[in-house]
Amino acid sequence: MDFSFTFAFQPIVDAETKTVFAYEALVRGTEGEGAMSVLANVNETNRYSFDQICRVKAVKLAARLDMQPMLSINFMPNAVYKAEYCIRTTLAAAKTYNFDTRKIIFEMIENEDLSSVEHLSSIIEAYQSMGFSTAIDDFGAGFSRFNIMILSPPDLLKIDMGLIRNIHAEPNKQAVVAGIITMMRQLGGRIIAEGVETEDEYYWLRAQGITLYQGYLFAKPGFECLPEPVFPD
């Protein structure tokens, strides 16, 4: 590839124990440029190599920073032609940098560009069988794959920040999120509320029993470092 990139890390916190549950690796330019400036360079010809290099770089940097919580790595389902083959680079990197693969979460971005439901289901099942945790990002952003929840539910479901914003004051959003919470509980997984920015949003979500959070209320992403979160009283 003819472009370079690195990562910032944002904590996913457990409000019940007031600890960091995981750090999500967020792609950044080498001078701190935003994710879009990097992703604009990704196309059909380099998608697979970009996806593979992302995994290696994230594991290498997490190991260098002595990350103890889980590491959440975003990946592109369309770049995974077969999960068992495409995971080999990740496993090799984890061995090289002495990073426990049981601490890796593979986070799938949920949008209209995802490949077939069957393909995504096969990836989730393969990764879970290998001992990795799986997550679907941005659930409720407009292309919610409820059929995936039926076929192969992930371990973690991240509620899109569009549903989170001002949820304490919007009954329609509250009804939708309450349904998602009930669904995930019955499927045996956990909810992550992402993009939480205000205490009002947090207190409403906390009252619904959600324990995992990500957002500026707790910590902004840290460029090549592991920021310590703050917790509301």
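How much area does the protein chain expose, and what share of it do carbon and sulfur atoms supply? In this predicted model, the protein chain exposes about 10800 Å², and carbon and sulfur atoms supply 50% of that area.

**Figure 1. The protein chain as a whole, with its nine helices and nine strands.** The secondary structure of this predicted model comes to nine helices and nine strands. The radius of gyration of the chain is 17 Å, close to the 17 Å that the globule rule gives for 233 residues, so the chain is as compact as a globular protein of that length. Measured out along its principal axes, the C-alpha trace spans about 45 × 35 × 30 Å. Buried residues account for 51% of the 233 residues, and, among contacts between residues at least 6 apart in sequence, 67% join residues that are at least 24 apart.

**Figure 2. Charges of the protein chain, shown by their mean positions.** The chain carries 20 positive and 30 negative charges, and the mean position of the positive charges lies 6 Å from the mean position of the negative ones.

**Figure 3. Threonine 6 in strand 1 and the residues that it touches.** Threonine 6 is found in strand 1, which covers residues 6-14. With a relative accessible area of 9%, threonine 6 counts as buried, because that value falls under the 20% cut-off. Leaving aside residues up to four places away in sequence, threonine 6 touches Leu26, Val27, Arg28, Gly29, Thr30, Leu61, Phe223 and Glu224. With glutamate 224, the side chain of threonine 6 also makes a polar contact, side chain to side chain, at 2.6 Å.

**Figure 4. Lysine 18, a residue with a positive phi in the loop between strand 1 and strand 2.** Most residues other than glycine have a negative phi. Lysine 18 is not a glycine, and yet its phi is positive, at about 55°. The loop that holds lysine 18 runs between strand 1 and strand 2, the latter formed by residues 19-28. Lysine 18 is partly exposed, because its relative accessible area of 49% lies between the cut-offs of 20% and 50%.

**Figure 5. Asparagine 166, in the loop between helix 7 and helix 8.** Asparagine 166 is a residue other than glycine whose phi has a positive value, near 60°. Helix 7 (161-164) and helix 8 (171-187) are the elements on either side of the loop in which asparagine 166 lies. The relative accessible area of asparagine 166 is 36%, so this residue is partly exposed.

How values were computed:
Residues numbered from 1 in each chain as written. Predicted model: local features only at pLDDT ≥ 70, side-chain atom pairs only at ≥ 80, totals over all residues. Heavy atoms only, no water. Helix = DSSP H or I, 4+ residues; strand = E, 2+ residues; numbered from the N terminus. Buried < 20%, exposed > 50% of the residue type's maximum accessible area, 1.4 Å probe, protein only. Polar contact = N/O pair within 3.5 Å; in protein donor to acceptor, adjacent residues only side chain to side chain. Contact = heavy atoms within 4.5 Å. Rg over C-alpha atoms; globule rule 2.2 N^0.38 Å. Areas by Shrake-Rupley, 256 points an atom, 1.4 Å probe, with all protein chains shown as cover. Lys, Arg positive; Asp, Glu negative; His and termini not counted. Charge placed at Lys NZ, Arg CZ, Asp CG, Glu CD.
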